[in-house]
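User: I am new to reading protein models, and I would like a close look at a single part. Please pick one element, go through it slowly, and then show me what surrounds it.

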Amino acid sequence: MPLTNTLPTADLQALDAAHHMHPFTANGALAEKGARIITRADGVRLTDSEGVELIDGMAGLWCVNIGYGRHELAEAAARQMRELPFYNTFFQTSHVPAITLAAKLAELAPDNLNHVFFAGSGSEANDTNIRLVRQYWALKGQPERRTIIARRNAYHGSTMGGGSLGGMAAMHAQGGMPIPGIVHIDQPYWWGEGGDTTPEAFGLERAGQLEAKILELGPENVAAFIAEPVQGAGGVIIPPESYWPEVQRIVDQYGILLIADEVITGFGRLGHWFGSQSYGIRPHIMTVAKGLSSGYQPIGGSIVCDEVAQVVAQDEFNHGYTYSGHPVAAAVALENLRILAEERIVDRVRETTAPYLAQAWSSLSDHPLVGEAVSRGLMASLALTPDKASRAGFAMEPGTAGYICREYCFANNLVMRHVGDRMIIAPPLVITNVDIDMLIDRARRALDQTLAHLH
Ligand code: PLP
C-alpha cells in the first residue's frame, strides 16, 4: 500500500480510527474527533495535513533535540543501510556503529560511566536496568538485594518493567502493575504537595522518605533507587534544590545503586549533556533514549559505571534485544551527537536559551489561572489553579482545565501538553529567543481563552 499523503484529511482520519490503535489514547474517541495528522516538519515547526503550521513546544515527545529536517541524519541512515543495514551484537559479534557509539557515550558521560548496554527505547533500557542491578548484587553474593525503590508519579516507560518502575496510578490500574520487588515513595512536588513547608524543608522531607523506606525494607534487601533528575511526564516537576544532595547522601550511606533516568534530561535538555551533571548527582547507571538520536531513529541504552559493568561481566548476562545497538540507529545517533557538539547546542541552551526561557516563562505567573510558572533548562511547566493563594485544584474533574487549555493551544497553533492541570513544554533545543516569544504569546492567548471558557 503506498503512503496516503494525497488523501483528504477526513479519509486519513477515518482510516486511522478504523485500523490504528494509538498509545495513551481513548481510541473510541478518535472515531468522533479525528487525530490531527502531522505530515512534515522543519526546525521547531510542524505542518499538518491541512497545511497549518504549528510550533512544536514538545519536541515531538521530548526527543527532537536538534530540531526537525536535519538531512545529515537521513544521509547517515541511508549510508549505513547501504553498507550494513542490520547485524546483531549477540554471541561475540559486533559492528562499527555500535562500537563507535558506545565509545562516544563513554566519552560524553561523566565520571566512570564507561559502558553501554543498548536497547531500542527508554522503556527497554529501564527493563535492562532491573535485570542489571539484580544481577550485579547476585554476583556480589547478595541476591536478596532485589527491591528497587522508585517514586509515585514518575515515568520510566510502558513495558511491564518500565511501567512498574514508574509511579503512574492510571497505568498501575491496568494490566497488573507494578510487578513484585518495586516499591514507591512520594515525589518532590512542592507546589502540589508541599503545603505550608518551605521548598527546602520539603525537599529534605521527600528525600528523607528514601531513607525511611530503605530502613523499613532493610538496606540488605534494596538494590537501587531510580529517579528522573526532573520528572517529565509527571508534569515537569522540578525538585527543590535541597532534594538531590540529600538523595545522594542517602544512597552513598546505604550503598544503594542510583539509576538516573535521563531519557528526557539527557543530551542537553537541562543545559548540560546530562541532567545528573546539572544537579551534581553521581549515578551508577543512566538510562538514555529520545535525544540520543533526536528521535530520528528508535534507540536507547543504559550507560553503566565501571564497577557494575565489571561485576556483571563475570558471567553471561542472559538478556538482550534484536535491535540492541542497531547499526542504522547507532549511525544516526552518532551524527546527532556530532551536530549537538559541533553546533554547541548544549552550551547554547545553558548560556542563552534556558535563561531567556526562564525569564519569559515566569512572566506567565501573573496570569489569573497560573499558580506557578517554572522552568529548568528547556523544560517548563505551569500549574493551573482557580486560586493561587491556596494552590487549590478546580472543582471539576482534575485535568479538565488542562485539557481545555491544550485544545486552545492547538487552536493557536502551539503544541503544549497537559498533565492533569499542569501545562508543560520541552521544545527542540534549537529554538530561538524569537520563537520562544512567539510560543509564549500563543500560550498566553490560550490561557486567556481558557479563563474565558471556564467563567
Ligand atoms: N523514561 C523517561 C524519563 C521517559 O520520559 C520515557 C518516555 O517518555 C521513558 C523512560 C520511556 O521511553 P520510551 O518511550 O522510549 O520507551
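Analyst: Let us look closely at strand 12 and then work outwards to the rest of the structure.

A word on the model comes first. Residues are numbered from 1 along each chain as its sequence is written. This is a predicted model, in which local features need pLDDT of at least 70 and side-chain atom pairs count only at pLDDT 80 or more, while totals for chains, interfaces and linings use all residues. The protein chain has a mean pLDDT of 97, and 99% of its residues reach 70 or more; pLDDT is the predictor's confidence in each residue, from 0 to 100. The scores of the model are ipTM 0.99 and pTM 0.98.

Now to our strand. Strand 12 covers residues 379-384, and 6 of its 6 residues are buried. (Strands are DSSP runs of E with at least two residues, helices are runs of H or I with at least four, and both are numbered from the N terminus. Buried means that 20 or more other C-beta atoms, placed from the backbone, lie within 10 Å of the residue's own; 12 or fewer means exposed, and in between is partly exposed.) In a regular strand the side chains alternate between the two faces of the sheet. You can follow this in strand 12: Met379, Ser381 and Ala383 point one way, Ala380, Leu382 and Leu384 point the other way, and all are buried.

Next, look at what lies on either side. Strand 11 (residues 370-376) runs antiparallel to strand 12 and is joined to it by 6 bridges; two strands pair if DSSP finds at least two bridges between them. Find Ala373 in your view, and you will see that its bridge partner in strand 12 is Leu382. The two strands form a hairpin with 2 residues between them, where Gly377 takes a positive phi near 55 degrees. Strand 12 is also joined by 4 bridges to strand 15 (residues 422-425), again with the strands running antiparallel. Here Ala383 stands opposite Arg422.

Put these pairings together and you get an open, antiparallel sheet of 4 strands in the order 11-12-15-14. Its edges are strand 11 and strand 14 (417-419), each of which pairs on one side only. Neighbouring strands are turned by 25 degrees against each other on average, direction ignored. Helix 15 (residues 345-362) lies across strand 11 and strand 12, and runs at about 180 degrees to strand 11. (For such angles, axes are lines fitted to C-alpha atoms, for helices over the stretch in contact, and values run from 0 to 180 degrees between N-to-C directions.)

One residue from elsewhere in the sequence also meets our strand. Val236 sits in the loop between strand 7 (222-227) and helix 11 (243-254). Its C-alpha is 5.7 Å from that of Ser381, although the two residues are 145 apart in sequence. Leaving aside neighbours within four places in sequence, Val236 is in contact with Val230, Met379, Ala380, Ser381, Arg422 and Ile424; contact means C-beta atoms, placed from the backbone, within 7 Å. Val236 counts as buried because it has 25 C-beta neighbours inside 10 Å.

The loop of Val236 leads us back to strand 7, where 6 of 6 residues are buried. Strand 7 runs parallel to strand 5 (residues 147-151), with 3 bridges joining them, and Ile148 stands opposite Ala224 of strand 7. Strand 7 also pairs with strand 8 in the parallel sense, over 4 bridges. There, Ala224 has Leu257 as its bridge partner. These strands belong to an open sheet of 7 strands with the order 4-10-9-8-7-5-6 and mixed pairing. The edge strands are strand 4 (113-119) and strand 6 (182-185), each pairing on one side only.

Finally, a look at the ligand. There are 17 residues around the ligand, and Ser121, Gly122, Ser123, Gly157 and Val263 come nearest; a residue belongs to this group if its C-beta atom, placed from the backbone, lies within 6 Å of the molecule. Helix 6 (residues 122-139) gives the most to this shell, with 3 residues.

To return to where we began: strand 12 has 6 bridges to strand 11, 4 bridges to strand 15, and contacts from Val236 to Met379, Ala380 and Ser381, among others.

Technical notes:
Contact = placed C-beta atoms within 7 Å.
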